[in-house]
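Got your viewer open? Let's take a short walk and pick out a few residues along the way.

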Amino acid sequence: MPSDRDSLLGMGFDPARVEWALKATGGRGLQPAMDHIFENEGKPIPDLSAVSDVSSAAPRGEPMDEDDDDLEALQNLGVKGAAAAAAASATEAEAKSIKCSECGKIFKNTALANYHAEKSGHDQFEESIEEIKPLTEEERQQKLAELREKMAAKRAEKAVEEAKEAKANEAIRRKAGKDMNQIRQELQLKEAQKEAEAKKREKLEDARARAAVKAQIEADRKARAEKTAMEKALREGRAPPGATAPVDVPKPAVAAASTAAGRDFKDTRLQIRMSSGGQPYTTTLSSDAPLREVAEYLAGQNLSVDVETVTLAQHFPRKTFTPSDFSKSLRDLGLTPSAVSDPGVSPASPAIR
């Protein structure tokens with residue numbers, strides 16, 4: 001069987017370029033060596049001792065991409081090694097070619113028959129006395145040109161396929177990046193909502209704590225005032241405030257005194273009802289306390305109340321108080337009672353709307 005070197009030399013290629021191609025391709029077959037010759041056509045031949053052997057890059061006998069038309073072009077290029085093989089024995093001298101029993105194609109030498117077997121999977125071959133006429137120099141050059149054109153067309157198709165694949169991969173990468181950005185934005189939004197809720201809850205807890213402190217301070221102040229009043233009454237020999245003492249005055253005079261005392265009432269007891277219903281809230285504040293303390297007290301009792309937006313209303317006489325009125329005192333807004341007939345009875349109270 002003629003070697004790849006004999007086949008290439010029989011095709012008319014330069015011996016030095018044949019040696020370069022066989023060494024550069026690592027002896028992987030006839031077609032890789034021809035590809036190397038075509039790709040490096042016109043380039044100077046380097047020192048063969050410096051050319052690396054790439055025989056490990058691909059195993060010998062690797063299937064090639066050329067079709068049957070390329071195979072016919074290869075066999076028509078003429079391989080002189082067939083004559084040397086024919087002279088080896090009398091039997092081979094009589095055989096002019098090798099024929100595929102399955103498809104009927106005729107090949108000039110064993111190398112081309114092996115190439116056809118690897119390409120098609122056929123394994124039934126026989127010797128044939130049919131002779132394949134060698135091509136003229138003009139026909140040889142024409143076949144080589146056609147083979148180059150087919151190889152260039154296949155390379156162009158491969159480049160187009162690679163470009164499509166690269167475009168599809170880029171689209172997949174962009175979609176994955178977009179999905180990741182969307183997930184990241186959703187996570188950031190959820191974190192922002194959690195932080196906003198935590199700040200609101202903290203603000204309400206602070207308002208409740210301030211209201212509780214103020215209520216405690218007010219209760220302490222009231223207790224000190226009552227203690228001071230009791231001590232003063234004892235020093236002056238009078239009955240302590242709130243104690244029952246007989247008074248020899250006409251009843252109208254008592255009523256007048258009670259009326260006058262009501263005008264200077266120091267504390268105001270409020271009963272606050274939510275517009276949504278439920279149990280009312282009851283508290284006692286100083287008559288000089290601003291209306292904002294009422295809103296802060298309510299915010300401390302109900303987390304759904306915002307001090308900055310709540311609106312207060314008194315049913316009778318009907319009045320409405322907005323946050324702009326919160327700096328005014330209960331006395332200035334007319335929320336203190338005008339007369340008290342019994343200290344145990346609370347005056348009319350405003351309600352939350």
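Let's start with one histidine: in which loop does H122 lie? Select H122 and look at both sides: the loop that holds H122 runs between helix α7 (110-120) and strand β3 (125-128). Keep in mind as you click around that this is a predicted model.

**Stop 1: around H122**

Now add H116 to your selection. The side chains of H122 and H116 make a polar contact, at 3.3 Å. Leaving out residues up to four places away in sequence, H122 touches C100, E102, C103, H116 and A117, so show those as sticks too.

Next, colour helix α7. Its buried residues are A111, L112, A113, Y115 and H116, and H116 is the partner of H122 you just picked. Right after α7 comes G121, which has a positive phi, near 85 degrees.

**Stop 2: a pair of rings**

How many aromatic pairs does a search of the whole structure find? The search finds two. For one of them, select F13 and F38: the ring centres are 6.0 Å apart and the planes sit at 70 degrees, so this pair is edge-to-face. The cut-off behind that name is an angle over 60 degrees.

Trace the chain between the two and you'll see that the pair links distant parts of it, 25 residues apart. F13 is in the loop between α1 (4-10) and α2 (15-25), while F38 is in helix α3.

Are these two rings' residues buried or exposed? The cut-off for buried is under 20% relative accessible area. F13 has 12% relative accessibility, so F13 counts as buried. F38, at 11%, counts as buried too.

**Stop 3: where two helices cross**

Stay with F38 and show all of α3 (residues 30-39), then add helix α8 (residues 137-236). The axes of α3 and α8 come within 12 Å and cross at roughly 90 degrees, so the two helices are roughly perpendicular to each other.

Which residues meet here? From α3, pick Q31, M34, D35, F38 and E39; from α8, pick L144, L147, R148, M151 and R155. Colour this contact of α3 with α8 by residue type and you get five nonpolar, one polar and four charged.

**Stop 4: zoom out**

Finally, bring the whole protein back into view. There are 10 helices and eight strands. Of the 353 residues in the protein, 29% are buried. Among the contacts with a separation of 6 or more, 64% are between residues 24 or more positions apart.

Notes: Residues numbered from 1 in each chain as written. Predicted model: local features only at pLDDT ≥ 70, side-chain atom pairs only at ≥ 80, totals over all residues. Heavy atoms only, no water. Axes fitted to C-alpha atoms, helices over the stretch in contact; angles between N-to-C directions. Helix = DSSP H or I, 4+ residues; strand = E, 2+ residues; numbered from the N terminus. Parallel < 35°, antiparallel > 145°, perpendicular 65-115°, else oblique. Contact = heavy atoms within 4.5 Å. Nonpolar A, V, L, I, M, F, W, Y, C, P; charged D, E, K, R; others polar. Polar contact = N/O pair within 3.5 Å; in protein donor to acceptor, adjacent residues only side chain to side chain. Phe/Tyr/Trp six-rings, centres within 6.5 Å; stacked < 30°, edge-to-face > 60°. Buried < 20%, exposed > 50% of the residue type's maximum accessible area, 1.4 Å probe, protein only.
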